[in-house]
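Morning, everyone. Please pull up the sequence and the model, and follow along as I go.

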Amino acid sequence: MSPALRNARYGAILTFVLAGLMVGTMTVRIPAMTDKLGLSESTVGAVLLVWGLGALVTMQSMRKIMARAGSRAVLRIGGPLTALGLVAVAFAPNLPSLLVAVTFFGMAFGTIDVAMNAQGSTVEQAYGRPLMNGMHAGWCVGAISAGGLGSLAIAVGLPFTANVALVGLVSLPVMVLLGRTYLPESQAAGAGTAARRRMPPIVYLLGAIMFFAFMVEGTVADWNGLYMRDELGAPEAVAALGYPVFEVGMLVARLTGDRLRVRFGVRGMLTVSGAATAGFFSVVLLAPAALVAVFAMFFVGLGVATISPLTLSLAGTATDAPGPAIAQAGAMGYAGLLLGPVTIGFLSDVTSLRTALGIGVALGVLIALASRLLPHREPAALVPVPSLDREPEEIAA
């Protein structure tokens, strides 16, 4: 194995870590941002919506960009721009400038979210074995680190501006240096027309599965704490445990997911993941006490964690060039991340929060059923071959 290929793998993982760290830092310090600018809860919701829409708009346009430029070029530009966007958020002095900054930050993040997954697909195909779950574990590490660093910043009295700007300014040169590690996609004959061709049906199926999974993740992130407090009567400190426990479950699953994929395949893993998500989400909703629900959230995280890495990895092998296919599936998935919490809010107004969260169970069932439509065999590019203990010559070049 050449140093270039090994560096590309570590570079891709570290890109996921930094992406999780930057997004997580902004999220963790939202209360401080609210105090700094005197924002209401509804205004904070609008700020987060603008950020998400900025990312989604960029993702929707990435199919053509990825086909023409490739993930390496996009990451070399988008990574530093994302760090600069976070710095702009930190120094925004009022609401109008904050809205501009979060829009820029969201759009820049949308570019690297697609490109780092495409780069991950390129690296794992160069290795000839699944690696995408391990890369997504990097995101979990970054997000958990953001929580820890944010708590430390609060404990020592570091204000919002200093905390967020420091993370952005440290991430900026690292993102620039990581640009030297990325691999170019192989420019197959048909790759240039990938953006203009209709994607194979499997890409849209994978996008739908990812949509369901991201709806679950968004629902847990935004509504779990409120459910624990209001429906189960948990104290604030206990209610706050649900989401980090969920993230720990996701991290554990992603650290082991690539080995499980080699043994059971994507189809089997996604089916079990969907069933586990539905089953353990049911436990959360039927839990007689908050601590039982918190414990169950770990297993919900285990269930849902590998779905997005597996779908993106499989999408990356569906066409000659991984970028456009991953951009298509990723945009569909990210729409679920935005739509899920909104849907829960609407349904909870009509019924109750417990009833509305039942959508998490239904989504798990849909994931399991949709996964049965996937092919039985793993992509040839990701089936480990014992005799291939070295990377392709063109990658080494």
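Let me start with a term. Two rings of Phe, Tyr or Trp pair if their centres lie within 6.5 Å. For Trp, the six-membered ring is the one used. One caution before we look: this is a predicted model.

Now the rings. How many aromatic pairs does the structure hold? The count is eight. Four residues form one aromatic cluster: W51, F105, F109 and W139. Let's walk through two pairs from that cluster.

A pair of rings is described by the distance of the centres and the angle of the planes. Take W51 and F105. Their ring centres are 6.1 Å apart, and their planes meet at 50°. Planes under 30 degrees apart count as stacked, over 60 as edge-to-face, and the rest as tilted. So W51 with F105 is a tilted pair. Where do the two residues sit? W51 is in helix α3, residues 41–91, and F105 is in helix α4, residues 95–127. They are 54 residues apart, so this pair links distant parts of the chain. Both W51 and F105 are buried.

Next, W51 with F109. Here the centres are 5.4 Å apart and the planes are at 25°, so the pair is stacked. Again one partner is in α3 and the other in α4: W51 in the former, F109 in the latter. This pair ties together parts that are 58 residues apart in sequence. Are these two buried or exposed? W51 has a relative accessible area of 9%, so W51 is buried. F109 is at 2%, and is buried as well.

One more ring, with a charge this time. The charged end of R9 sits over the ring of Y127. The distance from the ring centre is 5.4 Å.

On to helix packing. Two packed helices are described by the angle between their axes and the distance between the axes. I have three pairs for you.

First on my list, α7 and α12. Helix α7 covers residues 201–230, and helix α12 covers residues 322–350. Their axes come within 6 Å and cross at roughly 40°. That angle makes α7 and α12 oblique to each other. What is the handedness of the crossing? α7 passes α12 in a right-handed crossing. And who is in the contact? By class, there are 17 nonpolar residues, eleven polar and two charged.

Next, α5 and α11. Helix α5 runs over residues 132–155, helix α11 over residues 307–315. The axes come within 9 Å and cross at roughly 130°. α5 is therefore oblique to α11. This crossing is right-handed.

Then α1 and α4. The axes are 10 Å apart, at an angle of about 155°. Over 145 degrees counts as roughly antiparallel. So α1 and α4 are roughly antiparallel to each other. α1 passes α4 in a left-handed crossing.

A quick stop at a helix with few residues to name. Which residues of helix α2, residues 30–37, are buried? I30, A32, M33, T34 and L37 are. Just after α2 comes G38, with a positive phi of about 65°.

Last part: a few single residues, and where they stand relative to a partner. All these distances are C-alpha to C-alpha.

L75 is in helix α3. Its relative accessibility is 2%, so L75 counts as buried. L75 and L178 are 103 residues apart along the chain, and their C-alpha atoms are separated by 8.9 Å.

R72 is in α3 too. At 29% relative accessibility, R72 counts as partly exposed. R72 and Y334 are 262 residues apart in sequence and 22 Å apart in space.

M26 sits in helix α1, residues 3–28. With a relative accessible area of 3%, M26 is buried. M26 and A305 are 279 residues apart in sequence, and 22 Å apart in space.

And L99, in helix α4. At 29% relative accessibility, L99 is partly exposed. L99 and V74 are 25 residues apart in sequence, and 24 Å apart in space.

That's my tour. If you look at one spot again, make it the aromatic cluster of W51, F105, F109 and W139. Thanks.

Definitions and conventions:
Residues numbered from 1 in each chain as written. Predicted model: local features only at pLDDT ≥ 70, side-chain atom pairs only at ≥ 80, totals over all residues. Heavy atoms only, no water. Axes fitted to C-alpha atoms, helices over the stretch in contact; angles between N-to-C directions. Helix = DSSP H or I, 4+ residues; strand = E, 2+ residues; numbered from the N terminus. Parallel < 35°, antiparallel > 145°, perpendicular 65-115°, else oblique. Left-handed = near helix turned anticlockwise from the far one by under 90°. Nonpolar A, V, L, I, M, F, W, Y, C, P; charged D, E, K, R; others polar. Buried < 20%, exposed > 50% of the residue type's maximum accessible area, 1.4 Å probe, protein only. Lys NZ or Arg CZ within 6 Å of the ring centre and 35° of its normal.
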